[in-house]
Amino acid sequence: MLTQAVAATQAAKADYAFDYELNTSKANWNARFDPSATPHLRMVTPARDALSNDERRAFDRMAEDFEGVSWCASEGMGRVADVRLLREDATSATYSFQPTRESVRGEQARRFAERLRGEVTVLKATPDIARVRLFVPEGFSPAPLVRLDSLNVVITCQTAPNGRRYAAETTTVMRGNAFGQAFDERSVQRARNLSAS
């Protein structure tokens, strides 16, 4: 079912314009992504001029890597390993999986992909992905003087205009210690109002 979901989404992939929102303890950004505009990702609020230099650099870095709609049954989901059925009911099946370096995005995530675990809920009727969860089963040190005690990423999927599901909301919670300072960070990313650009 997971393979079918990935194949169907890859065949139906489309470029959409959409509103993007990022809420963290340090940022509360609203932006607009438009694949036909340059730059593709444009800050809406706060005004770009109101950002500090560091915030502007952080937004520019994010905009540079921003690929548009994040499809739940992405190519990366087709590259996970060790897929096993956890539970199922009449409408969906939930599988555990092992993320691989080829299945995750971002240089940092690739470095510790083997430490991650995943769960994916696949809707039987479509088949398509309704929810993805990535987490670390135990704490570890990804870099000197840094300890990650827990990481939990939950991606909630909604239906796009093309009938396939995309990451409408991604909630990330990280706890740990960096250079003697404890951190407990939560970020929420949302994509909404998809439309043909």
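Below are legends for a handful of close-up views of this predicted model.

Residue numbers start at 1 along each chain as its sequence is written, and side-chain values rest on heavy atoms, with hydrogens and water left out. Since the model is predicted, local features need pLDDT of at least 70 and side-chain atom pairs count only at pLDDT 80 or more, while totals for chains, interfaces and linings use all residues.

**View 1. The whole chain, with its three helices and eleven strands.** Helices (H or I, at least four residues) and strands (E, at least two) are DSSP runs, numbered from the N terminus. Going along the sequence, the pattern reads α-β-β-β-α-β-β-α-β-β-β-β-β-β. The C-alpha trace spans about 50 × 45 × 25 Å along its principal axes. A compact globule of 197 residues would have a radius of gyration near 16 Å, and the 18 Å found here agrees with that; the radius is taken over C-alpha atoms, and the globule rule is 2.2 Å times the number of residues to the power 0.38. Of the 197 residues, 41% count as buried, where buried means under 20% relative accessible area, exposed over 50% and partly exposed in between (1.4 Å probe, protein chains only).

**View 2. Asp128 and its surroundings in strand β7.** The strand covers residues 128-135, and Asp128 is buried, with a relative accessible area of 0%. The Asp128 side chain makes a polar contact with the side chain of Arg164 at 3.4 Å. A polar contact here is a pair of N or O atoms within 3.5 Å; within protein, one must be able to donate a hydrogen and the other to accept it, and residues adjacent in sequence count only if both atoms are side-chain atoms. Look also at the backbone nitrogen of Arg165, 2.7 Å from a polar atom of the Asp128 side chain. Leaving out residues up to four places away in sequence, Asp128 touches several others, including Ala5, Thr9, Ala73 and Gly163; contact means heavy atoms within 4.5 Å.

**View 3. The disulfide of Cys72 and Cys157.** The sulfur atoms sit 2.1 Å apart, and the rule used (a pair of cysteine sulfur atoms within 2.5 Å) gives a count of one disulfide. The link is left-handed, with -105° about the S-S bond. Cys72 lies in the loop between α2 (53-65) and β4, and Cys157 in strand β9 (residues 146-159), so the pair ties together parts 85 residues apart in sequence. Both ends are tucked away: Cys72 is buried at a relative accessible area of 5%, and Cys157 is buried at 2%.

**View 4. The largest nonpolar core, with 29 residues.** A nonpolar core is a set of buried Ala, Val, Leu, Ile, Met, Phe, Trp, Tyr and Cys residues joined through side-chain atoms within 4.5 Å. Among those with the most contacts inside this core are Leu2, Met77, Phe97 and Ile155. At least two core residues each come from α1 (2-12), β5, β6 (117-123), β7 and β9, and the largest share, five residues, is from β9. Neighbours within four places in sequence aside, Leu2 is in contact with Met77, Val80, Val83, Val120, Val122 and Ile129. A second, separate core of 21 residues includes Leu22, Leu51, Met62 and Phe66.

**View 5. The β4-β5 hairpin.** Strands β4 (residues 81-88) and β5 (residues 92-98) run antiparallel and are joined by five bridges; two strands pair if DSSP finds at least two bridges between them. Three residues make the hairpin connection, and Glu88 stands opposite Ala93 in β5.
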